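Trainee: I'd like to go through the charged pairs in this one and hear the reasoning behind each label. Can we take them one by one?

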Amino acid sequence: MSVDELKKMALSLARLLEERTDAFNFTRLSQIGEGAALKQISPGEYKAFLEEYLAFAERSQTASYKENLINLIRWERGQETTTGCTGSGCGIAFDGIILLPDGEVHGCRKVPSRMGNLWEETLEDIYYSPASAELRRGLKACDGCPIRAICGGCIAASPIPPTGFADTIDPCCWRLWRE
């Protein structure tokens with residue numbers, strides 16, 4: 001399936017759900033597990049999709065967005081930015097946590113992001129742990145970006161190198177990947 005066909009499908013689904021649901025939203029594929037083997041969209045193609053989706057969402061009562069990179073488009077246009085994925089860009093390890101049945105605490109539901117284990121330590125200790133601080137630090141590649149505070153890229157959509165989360169780069173950010 002081509003990128004154009006995928007864009008048309010996504011927008012068709014959003015149109016189909018218009019007035020049939022309270023809200024329609026999407027997030028990007030995590031590049032872990034089987035997702036790592038799938039072909040990824042280029043930054044330019046993703047920007048073109050977001051521009052189409054944003055145009056649709058602006059006249060839709062159902063379509064909404066939390067994709068951080070929509071803020072980059074709005075900023076480039078001189079428009080007011082939104083609150084990003086969680087109200088302040090990527091919310092990994094600070095606006096919510098994931099608790100698994102075995103006591104594991106993770107910072108994001110989409111990517112292995114272990115912060116600690118509730119059977120071994122308190123939630124306060126986990127929240128203020130070095131592992132949690134590393135997640136909240138975000139992507140170094142976004143340092144210096146004028147909209148870092150409301151974007152910060154997406155750790156979950158990024159391939160995670162052996163050096164850790166901070167060293168990854170959002171694969172769809174056209175500011176980082178000049179085509």
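Mentor: Sure, and keep in mind that this is a predicted model. Let's start with Glu104: its relative accessibility is 14%, and buried means under 20%, so Glu104 counts as buried.

Trainee: What makes Glu104 and Arg114 a salt bridge?

Mentor: The N to O distance is 2.6 Å. The cut-off is within 4 Å, so the pair qualifies. Glu104 lies in strand S2 (residues 104-106) and Arg114 in strand S3 (residues 114-117), so the bridge ties together parts 10 residues apart in sequence.

Trainee: Why is Arg114 called partly exposed?

Mentor: Arg114 has a relative accessible area of 40%. That falls between the 20% and 50% limits, so partly exposed is the right label.

Trainee: How do you know that Arg74 forms a salt bridge with Glu58?

Mentor: Their closest N and O atoms are 3.5 Å apart, and the rule asks for within 4 Å, so that one counts too. The pair links distant parts of the chain, with Arg74 in helix H3 (residues 69-76) and Glu58 in helix H2 (residues 43-58), 16 residues apart.

Trainee: Is Arg74 buried or exposed, and why?

Mentor: Buried: Arg74 comes in at 13%, and the limit is under 20%. Glu58, at 46%, counts as partly exposed.

Trainee: And why are Arg148 and Asp143 given the label they have?

Mentor: Arg148 has 23% and Asp143 has 39%. Both values sit between 20% and 50%, so each residue is partly exposed. Their side chains meet in a salt bridge at 3.5 Å, N to O.

Trainee: How many salt bridges does the rule give?

Mentor: Nine. There's also a network of salt bridges linking Arg28, Glu67 and Asp170.

Definitions and conventions
Residues are numbered from 1 along each chain as its sequence is written. This is a predicted model: local features need pLDDT of at least 70, side-chain atom pairs count only at pLDDT 80 or more; totals for chains, interfaces and linings use all residues. Side-chain values use heavy atoms; hydrogens and water are left out. Helices (H or I, at least four residues) and strands (E, at least two) are DSSP runs, numbered from the N terminus. Buried means under 20% relative accessible area, exposed over 50%, partly exposed in between (1.4 Å probe, protein chains only).
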